[in-house]
Amino acid sequence: MRAPKRPIHAVSLLVRRQPPKVKAFLAVVAGMAALVLLRVIVHDHDNLFVAAEAVHSIGICVLIYKLTKEKTCAGLSLKTQELTALFLAVRLYCSFVMEYDIHTLLDFSTLATTLWVIYMIRFSLKSSYMEDKDNLAMYYVVVPCAVLALLIHPSTSHNIVNRIFWAFCVYLEAVSVLPQLRVMQNTKIVEPFTAHYVFALGIARFLSCAHWVLQVLDSRGHLLVALGFGLWPSMVLISEIVQTFILADFCYYYVKSVFGGQLVLRLPSGVV
């Protein structure tokens, strides 16, 4: 007699059988349901942004544990860490000259730990770095973000250079995880600590996106007007949504793997 399927397996099997359009629709519905739930539970939506920074820091702590205890950086993308350090450094500069607040302190601590991770991968654990798998050229990510920042940036009263820098870090943050996804695409197998780290990034990006969407809804669109005119307000929102959906597929397989009791995450072809 066959054992009954777990609910998570039954739901997973049902979703996998659906055509791509139905999967996209279900993803949108799930995202909207999560937003409604957050709007009911979290009264001060600024806390979502702080929570996003905190979850990102937790992800970094997972990396630190991996690097110090297992003495290996296999499966990690050095390029994603360098891109993360770049956008954090730019955002930290912009925070100092434009709006010094609690986010500045959070960014500083995250930047410090990210730089330590970069040092460990580049020097202490260089022998385990999978350079051949980390093969997404950084200029494919940085150059488009820089060009877009020159063309579309805030229209506030701040210095034009600072406004371009701010736009650059918004765009770069949205796509900084692409090299890490490329590494996982090349290896197909993701060990636990790397999977935990990427999942934490996915949760952090979702909370950040939820913060902006709920702020726009609560202000009835006035927040977009406060950000300036032209395409910039829309680009901020699009960037938040893009960085969430980039990791959505991976997060689905991560949750499925965890509920299935698998320690090592195996990704099907074409997932990331």
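**Gln180 and its surroundings in a predicted helical model**

Gln180 touches Gly75, Leu76, Ser77, Thr80, Thr194 and Val198, when residues up to four places away in sequence are not counted. The model described here is predicted. Gln180 belongs to helix α8, and its relative accessible area of 0% falls under the 20% limit for a buried residue, so Gln180 is classed as buried. One polar contact of this side chain is made to the backbone: the side chain of Gln180 comes to 2.9 Å from the backbone nitrogen of Ser77. Ser77 is also among the residues that Gln180 touches.

The chain as a whole contains 11 helices and 2 strands. Read from the N terminus, the order of elements is α-α-α-α-α-α-α-α-β-α-α-α-β. Of its 272 residues, 44% count as buried. Among contacts with a separation of 6 or more, 78% are between residues 24 or more positions apart.

The UniProt record, an unreviewed entry, assigns the feature "transmembrane region" to residues 24-42, 104-125, 137-154, 160-181, 193-214 and 234-255. Two of these spans were examined in the model. Residues 104-125 are 95% helix and 0% strand, with 30 Å between the end C-alpha atoms. For residues 137-154 the helix content is 72% and the strand content 0%, and the end C-alpha atoms lie 28 Å apart.

A search for enclosed space returned 1 cavity of 30 Å³ or more. The volume of the largest cavity is about 120 Å³. Its lining consists of Phe49, Ala52, Glu53, His56, Phe87, Arg91, Glu173, Ala204, Arg205, Ser208, Glu240 and Gln243. Two or more of the lining residues come from each of α3 (46-69), α4 (78-98), α9 (192-218) and α11 (232-259). Helix α3 makes the greatest contribution, with 4 residues. By class, the lining comprises 4 nonpolar, 3 polar and 5 charged residues.

Arg91, one of the residues lining the largest cavity, also takes part in the surroundings of Trp166. Trp166 is located in helix α7 (residues 160-175). Its relative accessibility is 19%, which is under the 20% limit, and Trp166 is therefore counted as buried. With neighbours within four places in sequence left aside, Trp166 is in contact with Arg91, Cys94, Ser95, Glu99, Pro154 and Trp232. The C-alpha atoms of Trp166 and Arg91 are 6.4 Å apart, although 75 residues separate the two in sequence.

A second aromatic residue, Tyr253, is found in helix α11. Tyr253 has a relative accessibility of 15%; because this is under 20%, Tyr253 is also buried. Its C-alpha atom is separated by 9.9 Å from that of Phe199, a residue 54 positions away along the chain. Helix α11, which holds Tyr253, is one of the elements that give two or more residues to the lining of the largest cavity.

Glu191 is placed in the loop between β1 (189-190) and α9. The side chain of Glu191 forms a polar contact of 3.0 Å with the side chain of Lys66. A polar atom of the Glu191 side chain also lies 3.1 Å from the backbone nitrogen of Phe193. Beyond its neighbours within four places in sequence, Glu191 contacts Lys66 and Glu70.

Backbone geometry was considered next. Most residues other than glycine have a negative phi. Lys71, which is not a glycine, has a positive phi of about 55 degrees. This residue lies in the loop between α3 and α4. Lys71 has a relative accessibility of 56%, over the 50% limit, and so counts as exposed. Lys188 likewise has a positive phi, near 70 degrees, and is a residue other than glycine. The position of Lys188 is in the loop between α8 (178-187) and β1. At 29% relative accessibility, a value between the 20% and 50% limits, Lys188 is therefore partly exposed.

Terms used. Residues are numbered from 1 along each chain as its sequence is written. This is a predicted model: local features need pLDDT of at least 70, side-chain atom pairs count only at pLDDT 80 or more; totals for chains, interfaces and linings use all residues. Side-chain values use heavy atoms; hydrogens and water are left out. UniProt positions are given in the numbering used here, feature names are shortened, and annotations may be inferred rather than shown by experiment. On a 1 Å grid over the protein atoms alone, a cavity is a set of points where a 1.4 Å probe fits but cannot get out, and a pocket is an open set with protein on both sides within 12 Å along at least five of seven lines; lining residues have an atom within 4 Å of a point. Grid points are joined across faces, edges and corners, and a volume is the space filled by probe spheres set on the points. Ala, Val, Leu, Ile, Met, Phe, Trp, Tyr, Cys and Pro count as nonpolar, Asp, Glu, Lys and Arg as charged, and the others, Gly among them, as polar. A polar contact is a pair of N or O atoms within 3.5 Å; within protein, one must be able to donate a hydrogen and the other to accept it, and residues adjacent in sequence count only if both atoms are side-chain atoms. Contact means heavy atoms within 4.5 Å. Buried means under 20% relative accessible area, exposed over 50%, partly exposed in between (1.4 Å probe, protein chains only).
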